[in-house]
Amino acid sequence: MPRPSHCRRVSALPKVNYFKPKGIPISDLDERVLPLDGLEALRLADYEGRNMDEAAARMGVSRHTFGRLLRRARHCVAEALVDGLALRIEGGVCAMDALTDDVRPSDSDGVLVAVPSQEPGGLLAAPHAHFGRCSVYTLARVKAGEVGEAMVRANAGHMPGDCANPVQILARLGVTVLLAGGMGVRPLQAMQAAGIAVYHNAGLPSVGACLEAFAQNRLAAFGTEHLCRSGCASGE
């Protein structure tokens, strides 16, 4: 059996995940797929100009593996440009780094955490499976490993493909951390842009359990392996 690939670290999701020649319908185009780890290799080597050893260390792979990722990524992009093909960016054996080194600031108020929740919300409610489709959020302030009093706020909702509205509402409330079970690429990008760190809720059964796990540093940063693969793959 082939040896499983080692997971590669990716620092950010792409701002755009599909490129095509102008004026040609998508139905008339062949496409090439550039994996996220390939894009990260291009970003580190060709955009930031890092040497092979430094770039490999940033991705958590060997120099040989990084060189192979970079060669494949360059060939994929070259094929799309030379042959006039569409380029889709998705997939890859990778995991997102945390959005910040430490999302828990040192100020006396702690951080305000939001959890998409099943109605009626609150600590005993079940988490909602998808960020954008919940009707309420449960908010609680986490400070020094302790979960404070919870409050419930309605989700104003959004039209399909419009991820900015709920993200902006959370940001205006002062939310800096979201604990999610699932979301698409575009909502995650919007969270990044708004300065909201996203963590995976680990499938825990209650909102309170999710908050406690976050307070105890037991939740992983939301990575590419947590992205929705069906209806909300490109948005919520």
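Helices here are DSSP runs of H or I with at least four residues, and strands are E runs of at least two, both numbered from the N terminus. Counted that way, this predicted model has six helices and ten strands.

Let's take the whole chain before the parts. The protein has 236 residues, and 42% of them count as buried. Its exposed surface comes to about 12,300 Å², with carbon and sulfur atoms supplying 53% of that. If you look at contacts with a separation of 6 or more, 64% of them link residues 24 or more positions apart.

Now for a sheet. Strands of a sheet pair through backbone hydrogen bonds, either parallel or antiparallel. One open sheet here has three strands in the order β2-β4-β3, and its pairing is mixed. β2 (18-19) and β3 (31-34) are the edge strands, each pairing on one side only. β2 and β4 (residues 86-89) run antiparallel and are joined by two bridges, with tyrosine 18 standing opposite arginine 88 in β4.

Two helices go with this sheet. Helix α1 (residues 36-47) packs on it, touching β3 and β4, and its direction makes about 75° with that of β3. Helix α3 (residues 63-83) also lies across β3 and β4, but runs at about 155° to β3.

Further along the chain, have a look at helix α6 (residues 207-215). Seven of its nine residues are buried, so the rest of the structure largely encloses it. The buried ones are Val207, Gly208, Cys210, Leu211, Ala213, Phe214 and Ala215. What do they pack against? Their partners are β6 (111-117), β7 (136-143), β8 (146-154), β9 (175-180) and β10 (197-200). After α6 comes asparagine 217, which has a positive phi, near 60°.

Note on methods
Residues are numbered from 1 along each chain as its sequence is written. This is a predicted model: local features need pLDDT of at least 70, side-chain atom pairs count only at pLDDT 80 or more; totals for chains, interfaces and linings use all residues. Side-chain values use heavy atoms; hydrogens and water are left out. Buried means under 20% relative accessible area, exposed over 50%, partly exposed in between (1.4 Å probe, protein chains only). Contact means heavy atoms within 4.5 Å. Accessible areas come from the Shrake-Rupley method with a 1.4 Å probe; for residues, only the protein chains shown count as cover. Two strands pair if DSSP finds at least two bridges between them. Axes are lines fitted to C-alpha atoms, for helices over the stretch in contact, and angles run from 0 to 180 degrees between N-to-C directions.
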